Amino acid sequence: MHQRRVPVVVATVLLGAALSACSSSSAGPRVLTVGTYHGRAGKYASVQAAVRAARPGDWILIGPGDYHETADAHGAQGSPHAGQIGGVYVTTPRIHIRGMDRNSVVIDGTKPGSPRCSANPLDQNFGPAGADGKALGRNGILVWKADDVYVDNLTVCDFLAGTGASGNQIWWNGGNDSGRLGMKGYWGSYLTATSTFFRDEATAPQYGIFANNAAGPAALDHLYASNMNDSGAYVGACEQACDVTIDHSKFEYNALGYSGTNSGGAVLIQNSEFDHNQDGLDTNTQIAGDAPAPQNGACRGGAESPITHTVSCWVFRDNSVHDNNNPDAPSSGGAAAGPVGTGMTVSGGTNDTVTGNHFYDNGAWGVLFVPYADSNPPTNGQTCTGGGGQQLPGLGCVLDPKGDALLGNTFDHNGSFGNPSNSDFGQITLFPHEAVNCYQGNAAPDGTAPANLQQLQRSCGSTTTASNTGGALLSQVLCDTHLGRCPAGARYPKPTGVVLQALPTDLASM
């Protein structure tokens, strides 16, 4: 995937030219400068002022500073329930928003005048009031249906949730809950997203770096996200046109490190680290939200993946997934059901490939392939059968994992909680006559559930003949996800209270 980036040296030359000439040609891309850099004042005091002035192709370069951006407090932007609100609100396509230092250019959700990313309750900004008088919450940098917008080399913190679609630090939003693709192309690198404040799950930040209803090509590189009550990064509702690569990133202390609902086709997650989350990452099919279902990793148009040389273009490879045993990360909604102590969960996902990764020190399971049970009413005209599921009394629409492959991964010291079925990897399927999940070449010294899974389902491309609940696995997963009663003697970490972690001080800048 080609990232059409102007090199940093070119951006620096452009910045110098802009500061010395204080003008630019109206014919080509311009450089709009914000704040102060190396003692020189830019033209704009706020990021939003530069965004309003930008034309397609322009660059916005931001000097170090703590920017309390409040575009959402100054006039209508759009439907807050579609997420059409942002402290920085972007509707112009093909602009580049770049901080001059990742760690010291901060888009800050706290009240103007507050210290940088303050944890003080009195400094928090819960957003404008909605029609019911309740706070709508806030989004940080919100890109609304604008193609090929780049956001690079900065930190976003403390944009809190409310009654609107909010609580997202950086969001490429192609039309939340519309069931349609509303934008094409998005690009982000050297981005940090975190929260220092937690009051309750209703106001806790939701997603760090977020893209939905957006087609590719897209690339997200050198991300860091922590303390999110849903996931550090999320890609969803992109049919089989996601065409996104997530590379060289780190996600920790979230409910889920990464999540992706109904995101399929070419999704490549590689060279990244997932640690100290409740559940390292989860990709799933769901018929209530982020339509259309299912999550299908098959290549668009029946093509063959150049990576797997199969029909599977959704690939998770060469990642480190460890110590995802954190019951005290903020968590709510579906993310709260992520099984504590699990490196990776594929919940009702289809045609996904997991290869060449290292899963270690996850207390329950390294990897799980399990059904997703959706008991909520379908949205956007979706149906259970249309999403590939079947109705079961008491569970709603149940969507099995199908046609997935676990190939050549290394597992070490998983399953240390010691409950029956805790192991390196496991599988639950509830229905026959589905594409089989296959397992080849995995080093699994701590076993599988059911036992000998790698020998029983080695062949890819065949069809199941019966359900397989993994023996004790089903009751243990229901216990760990709080979706069922726990068997006698079951031991999984219980939350003691949300604990937020400080940002590392050594995050690389561009």
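Cys299 has a relative accessibility of 6% in this predicted model, and because anything under 20% counts as buried, Cys299 is classed as buried. Cys299 forms a disulfide with Cys313, and the two sulfur atoms are 2.0 Å apart. The partner, Cys313, is buried as well, with a relative accessible area of 14%.

The torsion about the S-S bond of Cys299 and Cys313 is about 95 degrees, so this disulfide is right-handed. Cys299 sits in the loop between strand S21 (279-284) and strand S22 (314-317), and Cys313 sits in the loop between S21 and S22 too, so the bond ties together parts that are 14 residues apart in sequence.

Further along the chain, Cys384 is joined to Cys397 by a disulfide with an S to S distance of 2.1 Å. The torsion about the S-S bond is about 90 degrees for Cys384 and Cys397, so this link is right-handed. Here the two ends belong to separate kinds of element: Cys384 lies in the loop between strand S28 (372-374) and strand S29 (390-392), whereas Cys397 lies in strand S30 (residues 396-399). The pair therefore ties together parts that are 13 residues apart in sequence. Cys384 is buried, with a relative accessible area of 9%. Cys397 is also buried, at 1%.

Cys238 and Cys242 make up another disulfide, with their sulfur atoms 1.8 Å apart. The link of Cys238 and Cys242 is right-handed, with 70 degrees about the S-S bond. Cys238 has a relative accessible area of 0% and is therefore buried. The value for Cys242 is likewise 0%, so Cys242 is buried.

How do these links fit into the pairing of the protein chain? A search of the whole structure finds 6 disulfides, among them Cys238 to Cys242, Cys299 to Cys313 and Cys384 to Cys397. When the bonded cysteines of the protein chain are numbered in sequence order, the pairing reads 1-2, 3-4, 5-6, 7-8, 9-10, 11-12. In that numbering, each bonded cysteine is paired with a neighbour in the order.

Note on methods:
Residues numbered from 1 in each chain as written. Predicted model: local features only at pLDDT ≥ 70, side-chain atom pairs only at ≥ 80, totals over all residues. Heavy atoms only, no water. Disulfide = S-S within 2.5 Å. Buried < 20%, exposed > 50% of the residue type's maximum accessible area, 1.4 Å probe, protein only. Helix = DSSP H or I, 4+ residues; strand = E, 2+ residues; numbered from the N terminus.
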